Amino acid sequence: MYAHLPPLNSLRAFESAARLMSFTLASKELYVTHGAISKQVKILEEYVGMPLFIRQHRSLRLTDEGEMYFVSVQSALQTINSASADLMIQPLQAQTLAINVLPSLTISWLIPRMEQFKTRFPHLYVDLSIGDFEVDFSSAKYDIAVRSATSAPKGANVMKLMDEDLCLVCSPEMSLQLSSLEAINQMTLLKHTTRPDLWNVWAEDVGINLTTENKFGVEHFYMLSQAAASGMGVALIPRFFIEDELASGKLVIPFDAKFTSPYSYYLLTPKSSNLSLKVQSFIDWLLEIFQPYRN
């Protein structure tokens with residue numbers, strides 16, 4: 001494709017020597033020896049088949065052909081330099097990263113960790129919004145979305161983040177009233193209203209019969225955790241949502257009744273063969289902080 005393209009080192013040596021009118025100054029600029037500059041210029045002259053410099057005692061000047069060639073070579077090298085600089089500093093330029101994430105995941109878990117991401121990528125302006133609706137990337141201007149579902153969402157590039165491991169939790173005071181798993185039938189079940197069958201699926205999995213009609217419904221996991229910590233009842237909540245509450249003792253796990261729900265968490269991006277640097281940076285970071293919870 002480029003049958004007449006000379007060696008780049010020869011072009012750099014020629015451009016520097018022609019601009020400075022000195023092999024000695026060119027060698028200092030390019031951090032090579034005087035002999036190296038002279039050799040590279042000689043290689044270029046042999047390549048193009050004509051002298052480019054008139055070498056005189058203690059002086060140097062371009063031939064007529066050398067002057068014309070210098071203008072073109074300098075312009076070409078400047079273009080390459082500018083294009084390379086633009087590419088290299090692009091990650092440092094302010095960019096917007098639009099992310100739409102589940103409300104509970106955002107409020108209880110993601111926002112407290114976002115400062116870590118901002119510190120690592122200060123050039124990115126993050127536009128974070130919440131939602132649990134089906135994402136249509138053709139109309140919604142999001143770069144990334146995170147959703148939970150019982151099967152992989154359609155119409156997007158999909159990456160599974162993790163399964164949803166739920167644990168039974170309550171306040172420390174309420175745990176004193178739970179002598180066995182069956183004792184939750186004397187408690188109020190805090191119900192996730194967008195997953196109305198979750199308690200029944202859990203009960204079948206752990207092998208107990210739910211008979212209580214005492215229920216209180218809320219829409220999001222972060223609301224469930226607050227209700228449970230307030231002593232309103234028992235709740236089924238993903239463990240990673242409530243690590244801080246468990247560590248502080250606001251919530252406790254009265255029984256080791258491990259349960260993987262039918263839901264999994266997925267990272268969605270628009271259908272495309274290539275991901276932008278800003279999107280890939282967020283995905284890499286998200287996978288890093290999700291790593292302890294991934295199977």
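In this predicted model, β7 (189–192) and α7 (198–206) each supply at least two residues of the lining of the largest cavity. Of these elements, β7 gives the most to that lining, with three residues. The residues that line this cavity are Leu190, Lys191, His192, Arg195, Leu198, Trp199, Leu224 and Leu236, and they divide into five nonpolar, one polar and two charged. The volume of the largest cavity is about 40 Å³, and the count of cavities of 30 Å³ or more comes to two.

The second largest cavity holds about 30 Å³ of space, and the elements that give two or more residues to its lining are α5 (103–120) and α10 (277–290). Here α5 gives the most, with three residues. The lining consists of Val101, Leu105, Trp109, Leu110, Val146, Leu286 and Phe290, a set that divides into seven nonpolar, no polar and no charged residues.

The model also has pockets, and the table sets the two largest beside the two cavities.

| Space | Volume | Make-up of the lining |
|---|---|---|
| Largest cavity | about 40 Å³ | five nonpolar, one polar, two charged |
| Second largest cavity | about 30 Å³ | seven nonpolar, no polar, no charged |
| Largest pocket | about 420 Å³ | twelve nonpolar, five polar, six charged |
| Second largest pocket | about 290 Å³ | ten nonpolar, one polar, five charged |

The largest pocket is lined by 23 residues, and those that lie nearest its centre are Leu102, Asp132, Arg147, Ser148 and Ala149. At least two residues of this lining come from each of α5, β5 (144–149) and β10. Helix α5 therefore appears in two linings, since it supplies residues to the largest pocket and also to the second largest cavity, where α10 likewise gives two or more.

The second largest pocket has about 290 Å³ of space, and of the 16 residues that line it, Asp165, Leu166, Cys167, Arg239 and Lys258 are the closest to its centre. Both β6 (157–169) and β10 supply at least two residues of this lining, and β6 gives the most, with five residues.

Strand β10, which spans residues 259–269, also contains Ser264. Ser264 has a relative accessible area of 6% and is therefore buried, a term that here stands for values under 20%. Although Ser264 and Ser151 are 113 residues apart in sequence, their C-alpha atoms are 7.5 Å apart in space.

Other residues of note lie towards the start of the chain. Met1, Tyr2 and Leu5 form a nonpolar patch on the surface, and together they have about 480 Å² of accessible area. Tyr2 is placed in the segment before α1 (8–20), and because its relative accessible area is 62%, this residue is exposed.

Two loop residues, neither of them glycine, have positive phi values. Met21, in the loop between α1 and α2 (23–29), has a phi near 50 degrees, and at 32% relative accessibility Met21 counts as partly exposed. Tyr31, which is found in the loop between α2 and α3 (34–48), has a phi near 60 degrees, and with a relative accessible area of 76% Tyr31 is exposed.

Notes:
Residues numbered from 1 in each chain as written. Predicted model: local features only at pLDDT ≥ 70, side-chain atom pairs only at ≥ 80, totals over all residues. Heavy atoms only, no water. 1 Å grid on protein atoms, 1.4 Å probe; cavity = no way out; pocket = protein on both sides within 12 Å on 5 of 7 lines; lining within 4 Å. Points joined across faces, edges and corners; volume = space filled by probe spheres on them. Helix = DSSP H or I, 4+ residues; strand = E, 2+ residues; numbered from the N terminus. Nonpolar A, V, L, I, M, F, W, Y, C, P; charged D, E, K, R; others polar. Patch = residues over 30% accessible without salt bridge, like charges linked within 9 Å, V, L, I, M, F, W, Y side chains within 5 Å. Areas by Shrake-Rupley, 256 points an atom, 1.4 Å probe, with all protein chains shown as cover. Salt bridge = Lys/Arg side-chain N within 4 Å of Asp/Glu carboxyl O. Buried < 20%, exposed > 50% of the residue type's maximum accessible area, 1.4 Å probe, protein only.
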